[in-house]
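Colleague: I am new to this one. Could you show it to me and explain how each label is earned?

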Amino acid sequence: MTENKVSKYLLYALGEVVLVVIGILVALHINNLNDIRKERVRELGYLENIKTDLKLNISEMDKFLAVRNNNIQSAAKILEHFDGKPIDDYTAFNQLGVGIYNWQKFYMTNNTFQELVNSGNLAIISNHKIKSKLLDIE
């Protein structure tokens with residue numbers, strides 16, 4: 001082999017190596033972008049589920065507060081009788097008494113948050129303010 005052909009072959013081989021490296025780097029970059037896109041889709045799914053949980057909590061809290069306000073009004077009416085107001089209807093008075101014993105605790109729906117924490121996916125939430133508020137709610 002002459003010197004000229006070996007240098008051309010080495011130059012050709014070097015060019016091939018550079019093309020392969022560039023191809024690998026491009027493929028890695030595309031793969032990283034795809035992974036980021038998939039993670040963002042998962043994050044948005046979690047956020048949508050959290051939003052649904054919060055709406056459900058607000059609805060349930062409104063019902064809970066209505067029951068509690070009813071109980072408070074019943075207790076106030078019963079206290080009027082202790083202050084001297086005569087009892088005209090004993091059945092109604094008994095119903096008021098039964099109503100005030102219905103004190104239940106409010107249980108918040110937090111399935112999505114628990115899934116985030118238990119699966120270790122809380123780090124998926126990229127907005128630190130949202131993450132902080134979720135932890136505060138809990």
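**How the labels are earned**

Modeller: Happily! Thr112, Phe113 and Leu116 are buried residues of helix 3, which spans residues 111-119. Keep in mind that this is a predicted model.

Colleague: What puts Thr112, Phe113 and Leu116 on the same side of helix 3?

Modeller: The arc they cover around the axis is only 100 degrees, so they sit on the same side of helix 3. The face turned away from that buried side carries the exposed residues Asn111 and Asn118. Just after helix 3 comes Gly120, with a positive phi of about 80 degrees.

Colleague: How many aromatic pairs does the structure hold?

Modeller: The structure holds one aromatic pair.

Colleague: Why is the pair of Phe64 and Phe106 called tilted?

Modeller: Planes under 30 degrees apart count as stacked and those over 60 as edge-to-face. The planes of Phe64 and Phe106 are at 55 degrees, so the pair is tilted, with ring centres 5.5 Å apart.

Colleague: And what makes this pair a tie between parts of the chain?

Modeller: Phe64 belongs to helix 1, while Phe106 is in the loop between helix 2 (90-100) and helix 3, so the pair ties together parts 42 residues apart in sequence.

Colleague: How do you know whether Phe64 counts as buried or exposed?

Modeller: Buried means under 20% relative accessible area. Phe64 has 19%, so Phe64 counts as buried.

Colleague: Why is Val18 called partly exposed?

Modeller: Partly exposed lies between the 20% and 50% cut-offs. Val18 has a relative accessible area of 42%, so Val18 is partly exposed. Val18 is found in helix 1 (residues 3-82). Together with Leu11, Leu14, Ile22, Val26 and Ile30, Val18 forms a nonpolar surface patch of about 570 Å² of accessible area.

Key
Residues numbered from 1 in each chain as written. Predicted model: local features only at pLDDT ≥ 70, side-chain atom pairs only at ≥ 80, totals over all residues. Heavy atoms only, no water. Buried < 20%, exposed > 50% of the residue type's maximum accessible area, 1.4 Å probe, protein only. Helix = DSSP H or I, 4+ residues; strand = E, 2+ residues; numbered from the N terminus. Arc of directions from axis to C-beta. Patch = residues over 30% accessible without salt bridge, like charges linked within 9 Å, V, L, I, M, F, W, Y side chains within 5 Å. Areas by Shrake-Rupley, 256 points an atom, 1.4 Å probe, with all protein chains shown as cover. Salt bridge = Lys/Arg side-chain N within 4 Å of Asp/Glu carboxyl O. Phe/Tyr/Trp six-rings, centres within 6.5 Å; stacked < 30°, edge-to-face > 60°.
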